[in-house]
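Me: I am new to this structure and would like a close look at a single part of it. Please take the ligand site and what adjoins it.

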Amino acid sequence: MSNDLLLPILYSFRRCPYAMRARLALMSSGIQVELREILLRDKAPEFLASSPKGTVPILVTQFEVIEESFDVMQWALRQSDPERWLLMPAAGYDWIKRCDGPFKQALDHIKYSVRFPDLDPMQERIHASNFLKDLDNQISGSTWIFGTECTLADMALLPFIRQFANIDRVWFDQQTWPNLQCWLAQFMASDRFTNIMVKPNKWAAGDAAVLFPH
Ligand SMILES: N[C@@H](CCC(=O)N[C@@H](CS)C(=O)NCC(=O)O)C(=O)O
C-alpha cells in the first residue's frame, strides 16, 4: 500500500472538484504526497483495494485510509496550516455543509439531467441559484467568504462553484452575483489553481512516484 518513500498516497482525479479541494489543502499545508492519477472509467486495482467504495480522492497514510475529501483537507491543515485556513468562523462549516449537500445535489441534477428525467432542471437551477445568491451576499464587499482572509470554506467551496459555472458559462456570467463572480475569477486566475491543475499521466503500478506539491 505504501511507497518506498513512505509518503502518504493521494489517489486523485484532476478534474474532480472533491480531489481539487484535497490538493488545495495539501498544497497549502506543504505536506508532500505521492500523487496517483486515477481514471474513473478504469480504476486501478490498487486504488480499489485501498478503498472499495471507489471514489476519489482518498489519502492512504501508514496508519489509515481517509476516504472523504473534507477529511483529507482537515488532516493536512491540522498538521500544518501556514495560511491559517482553520481560523474560520463556525459558520464556515455550515457553508460547507450546504455546498456538499443541497447545492451539489442540485448541481448534479442540472449537469447530468439526462439521468434524472423526473426532475425539472429549471427548478434545480433555482435551488442552486438560491445558494449562490446567499453566497454572493456573504462575500459582499470582501475578497473572501469571511472578509479579507481566505479560509477553509473558500477552498472547500470554490471547486464546486467552478464546476457549476462551467455547466453553462454564458448563463452564469449573465447573473448578477458580482462578488461571487469576482471571487471565482480571482481563484481561477491564481497560481494556486494552476498549480493544482497540472496534468498528470494516469498512474499504473511500477510508475516512478509523482510528488505533489511538485
Ligand atoms: N464524499 C466524497 C465524494 C467523492 C466523489 O464522489 N468523487 C467522484 C469524482 S468527482 C467519484 O469518485 N465518483 C466515483 C465514480 O465516478 O466512479 C468526498 O468528499 O471525497
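To begin with, in which loop does Pro 57 lie?

Reply: This is a predicted model. In it, Pro 57 belongs to the loop between α2 (45-50) and β3 (58-60). The peptide bond that links Val 56 to Pro 57 is cis, and its omega is about 0°.

Val 56 and Pro 57 are both among the residues that surround the ligand. The others in that set are Cys 16, Tyr 18, Leu 40, Lys 43, Gly 54, Thr 55, Glu 67, Glu 68 and Ser 69.

Oxygen atoms of the ligand take part in the polar contacts described here. Val 56 contributes a backbone N or O atom, which lies 2.9 Å from a ligand oxygen. Lys 43 uses its side chain, with an N or O atom 2.6 Å from an oxygen atom of the ligand. Ser 69 has a polar side-chain atom 2.6 Å from a ligand oxygen. On its own the ligand would expose 510 Å², and the protein buries 71% of that.

Tyr 18, one of the residues around the ligand, is also part of a helix contact. In that contact Pro 17, Tyr 18, Met 20, Arg 21 and Leu 24 of α1 meet Met 155, Ala 156, Pro 159, Phe 160, Arg 162 and Gln 163 of α6. By type, these residues are eight nonpolar, one polar and two charged. Helix α1 covers residues 17-29 and helix α6 covers residues 152-165; their axes are 8 Å apart and the packing angle is about 145°. The crossing of α1 and α6 is right-handed.

Notes:
Residues are numbered from 1 along each chain as its sequence is written. This is a predicted model: local features need pLDDT of at least 70, side-chain atom pairs count only at pLDDT 80 or more; totals for chains, interfaces and linings use all residues. Side-chain values use heavy atoms; hydrogens and water are left out. Axes are lines fitted to C-alpha atoms, for helices over the stretch in contact, and angles run from 0 to 180 degrees between N-to-C directions. Helices (H or I, at least four residues) and strands (E, at least two) are DSSP runs, numbered from the N terminus. A crossing is left-handed if the near helix is turned anticlockwise from the far one by less than a right angle, and right-handed if clockwise. Contact means heavy atoms within 4.5 Å. Ala, Val, Leu, Ile, Met, Phe, Trp, Tyr, Cys and Pro count as nonpolar, Asp, Glu, Lys and Arg as charged, and the others, Gly among them, as polar. A residue is near a molecule or strand if one of its heavy atoms lies within 4 Å of it. A polar contact is a pair of N or O atoms within 3.5 Å; within protein, one must be able to donate a hydrogen and the other to accept it, and residues adjacent in sequence count only if both atoms are side-chain atoms. Accessible areas come from the Shrake-Rupley method with a 1.4 Å probe; for residues, only the protein chains shown count as cover.
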